[in-house]
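Here are a few exercises to work through with the viewer open. Try each task yourself before you read the solution.

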Amino acid sequence: MKTLIVYAHPEPKSLNGSLKDLAVSTLETAGHEVRVSDLYAMNWKAVVDAADYGPDASSPLKVALDSGRAFDAETLTPDVLAEQQKLLWADTIIFQFPLWWYTMPAILKGWVDRVFTYHFAYGVGEHSDTKYGERFGEGTLAGRKALLSVTAGGPESHYAARGINGPIEDLLFPIHHGILYYPGIEVLPPFVLYSTDRMTGEDYADVAKAWEQRLLTLESTEPIAFRRQNFGDYEIPSLHLKEGLELAGRTGFGLHVRG
């Protein structure tokens, strides 16, 4: 298995840093190939601008169209091209980050904004009366799996259905479904650690054991059963879920998960 770890935390000695290092050692010991994109160490540029597209940038800038034109012409900046090649190389992508203000750190969102260009991660495939592009289960990155490894400061009860922060599944849905599943990546259930601001060194032994177990079962873990866009569950072109396919009482983001 070839694994790309995209790591976003400014402190190498943080819990996130330890989890990243443990992932590398565990997977390599098990015989897997591992590459790491340490975004802070790379001094990753987190903002999209005309410089990303070189001679293919228009004026005024049109981010989607310009990024697609630069992708087609192979004129994207070297840092973006390198990350796209890593994604194409990988079988599995692990995203290691803290949950900050209910989402990923800005540097990681900037990685997505710049790397997931038009004609690479979106804007691919046929658009017709029966198919609305290759996305949500199809696309450039189909055949790969992804896992979010996330640390959260609050207690687990805060992230439950009646918890004040809302269900963790809902908070991560925009990443799971909107960023990863959109270009075809199968999404594994996340590895989430709670109350990490209160975690002690003694607690880490149990955390490390649980993380190692998840890592060693990546290949056998079933992905979240998101519905595929072009395979009959949605009306096209409205992309509304067909009536009667949901489980009784299921609403919201859960409608887009089978079973």
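**Exercise 1: a helix on the inside**

Task: Find out which residues of H5 are buried, and which elements they pack against.

Solution. Keep in mind that you're looking at a predicted model.

- Step 1. Walk along H5 and pick out the buried residues: Ile168, Leu171, Leu172, Phe173, Ile175, His176, His177, Ile179, Leu180 and Tyr181.
- Step 2. Set that against the length of the helix. H5 spans residues 168–181, and ten of its 14 residues are buried, so the helix is largely enclosed by the rest of the structure.
- Step 3. Look for the partners. The buried residues pack against strands S3 (92–98), S4 (145–151), S5 (186–187) and S6 (191–193), and also against helix H4 (106–115).

**Exercise 2: the nonpolar core**

Task: Work out which elements give two or more residues to the largest nonpolar core, and where its largest share comes from.

Solution.

- Step 1. Start with the core itself: it holds 47 residues, and Phe95 and Trp111 have the most contacts inside it.
- Step 2. List the contributors. Strand S1 (2–7), helix H3 (78–89), S3, H4, S4 and H5 each give two or more residues.
- Step 3. Compare the shares. H5 supplies the largest one, with eight residues.
- Step 4. Check for anything separate. Another core, of 19 residues, lies apart from this one, and includes Leu22, Val24, Ile94 and Leu218.
- Step 5. Zoom in on Phe95. Setting aside residues up to four places away in sequence, Phe95 touches Val6, Leu108, Trp111, Ala146, Leu147, Leu148, Ser149 and Leu180.

**Exercise 3: Thr151**

Task: Decide whether Thr151 is buried or exposed, and find the side chain that makes a polar contact with it.

Solution.

- Step 1. Locate the residue: Thr151 sits in strand S4.
- Step 2. Apply the cut-off. Buried means under 20% relative accessible area; Thr151 has 6%, so it counts as buried.
- Step 3. Find the polar partner. The side chains of Thr151 and Asn16 are joined by a polar contact of 2.9 Å.
- Step 4. Add the other neighbours. Beyond four places in sequence, Thr151 is in contact with residues including Leu15, Leu19, Phe97, Pro98, Leu193 and Thr196.

**Exercise 4: the whole chain**

Task: Count the helices and strands, then judge how compact the protein is.

Solution.

- Step 1. Tally the elements: seven helices and six strands.
- Step 2. Take the radius of gyration, 19 Å, and hold it against the 18 Å that the globule rule gives for 259 residues. The two are close, so the protein is as compact as a globular protein of that length.
- Step 3. Finish with burial: 47% of the 259 residues are buried.

Note on methods. Residues are numbered from 1 along each chain as its sequence is written. This is a predicted model: local features need pLDDT of at least 70, side-chain atom pairs count only at pLDDT 80 or more; totals for chains, interfaces and linings use all residues. Side-chain values use heavy atoms; hydrogens and water are left out. Buried means under 20% relative accessible area, exposed over 50%, partly exposed in between (1.4 Å probe, protein chains only). Helices (H or I, at least four residues) and strands (E, at least two) are DSSP runs, numbered from the N terminus. Contact means heavy atoms within 4.5 Å. A polar contact is a pair of N or O atoms within 3.5 Å; within protein, one must be able to donate a hydrogen and the other to accept it, and residues adjacent in sequence count only if both atoms are side-chain atoms. A nonpolar core is a set of buried Ala, Val, Leu, Ile, Met, Phe, Trp, Tyr and Cys residues joined through side-chain atoms within 4.5 Å. The radius of gyration is taken over C-alpha atoms; the globule rule is 2.2 Å times the number of residues to the power 0.38.
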